[in-house]
Amino acid sequence: MNIAPRPLPPSKSQVRRDKQPPEVPQNVYDSDRNIYYEKGKFLGKGGFAHCYEFINRETRQMVAGKVVPKSLLVKQYQRDKMAQEVQIHRNLSHPNVVKLFHFFEDRLNVYITLELCPRRSLMELHKRRRAVTEPEARYFTYHIVQGVQYLHAINIIHRDLKLGNLFLNDNMEVKIGDFGLATTMKGDERKTTLCGTPNYIAPEVLKKLGHSFEVDIWAVGCILYILLFGTPPFESSTLEETYSRIKHNNYTIPVEANSSAATLIRCLLHQSPERRPHAAQILRDRFFTNGYMPERLPVSCLSMVPKFG
Ligand code: ADP
């Protein structure tokens, strides 16, 4: 869905079909800071960017280098979108948000250096494990909500929280990344346009009622549901049916679910945005305070059920 008033930019999947891997030199030079990076392992690709390990030649420190070919930034809206993403992301500093270090360009590409998250994202974890244990779901969700609380406190809505944008470092700490759809809120405005399709889209966005911070809380509800039960709450075989289920708040919680998890999910996925809890309220919820929350998780939980205790 795209409800932008201007001519529609190509969707990420359209861009992906046309896109060749960028030409990236073996040694990338940040001339603003006089830093050379060796290009290391390929980490993954998104709608616009390819990501590689970048190794600082002097310090050997490794970062993630997001590379966007200038050929994909020909149109003004493409440059504006990238500038907006960097502008929002560069000022963020929180343990549960991917750190943006620098951005620079050379003849071929624009580069963004980011905190390296070598354990990929919750999407890969989900593909291997499907539903995770309740303590793991509690651990991941708590950390995601801490990141969301920080963003909302400085008036930023992420607008595309999803498993694939929740990255993991070697300590299995969750880091919110990809600020491509993020926006800054002023006063008590409500946003009416959203370029791009958030994965866990909230009913007020579909109904074009104006949206705000609560769309991130809705997405957290979808994420917690998937972590606990292994499938998205509104999943169906067609997009039309999924959107209809979202608009009608038509989902079911498995009967065997823990009652405090079920209660929290119902609050997060409340049809009315104003009835959803704020991030700080979520962190005080019984689901987190009354159940076992591991202090850390082993890397082995990427592929195996961990043993606690
Ligand atoms: P786009 O903005 O084009 O969608 P993404 O931000 O999704 O690009 O990044 C593309 C891919 O690069 C991700 O799916 C992931 O595999 C990898 N990636 C992105 N950021 C990091 C990071 N900080 N650490 C490790 N890998 C990353």
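User: In this model, is D178 buried or exposed?

Analyst: The model is a predicted one, and burial is read by counting the C-beta atoms around a residue, with 20 or more within 10 Å taken as buried. D178 has 23 other C-beta atoms within 10 Å and is therefore buried. This residue sits in the loop between β9 (174–176) and β10 (183–184), and its phi is positive, about 55 degrees, although D178 is not a glycine.

User: Which residue follows α4 with a positive phi, and where is N155 placed?

Analyst: The residue after α4 is N155, whose phi is positive, near 65 degrees, and its place is in the loop between α4 and β7 (156–157). N155 counts as exposed, because it has 12 C-beta neighbours inside 10 Å.

User: How many ångströms should helix α4 span, and what is the distance between its end C-alpha atoms?

Analyst: An α-helix has 3.6 residues a turn, so residues three or four places apart point the same way. For the span, a rise of 1.5 Å a residue gives 28 Å for the 20 residues of α4 (residues 134–153), and the end C-alpha atoms are 28 Å apart, which agrees. The buried residues of α4 include Y139, F140, I144, V148 and L151.

User: Which residues come nearest to the ligand, and which strand gives the most to the shell around it?

Analyst: Of the 19 residues around the ligand, G44, G46, A49, C51 and A64 come nearest, while strand β2 (residues 35–45) gives the most to the shell, with 3 residues. By character, the shell divides into 10 nonpolar, 6 polar and 3 charged residues.

Terms used: Residues numbered from 1 in each chain as written. Predicted model: local features only at pLDDT ≥ 70, side-chain atom pairs only at ≥ 80, totals over all residues. Helix = DSSP H or I, 4+ residues; strand = E, 2+ residues; numbered from the N terminus. Expected span 1.5 Å × (residues − 1). Near = placed C-beta within 6 Å. Nonpolar A, V, L, I, M, F, W, Y, C, P; charged D, E, K, R; others polar.
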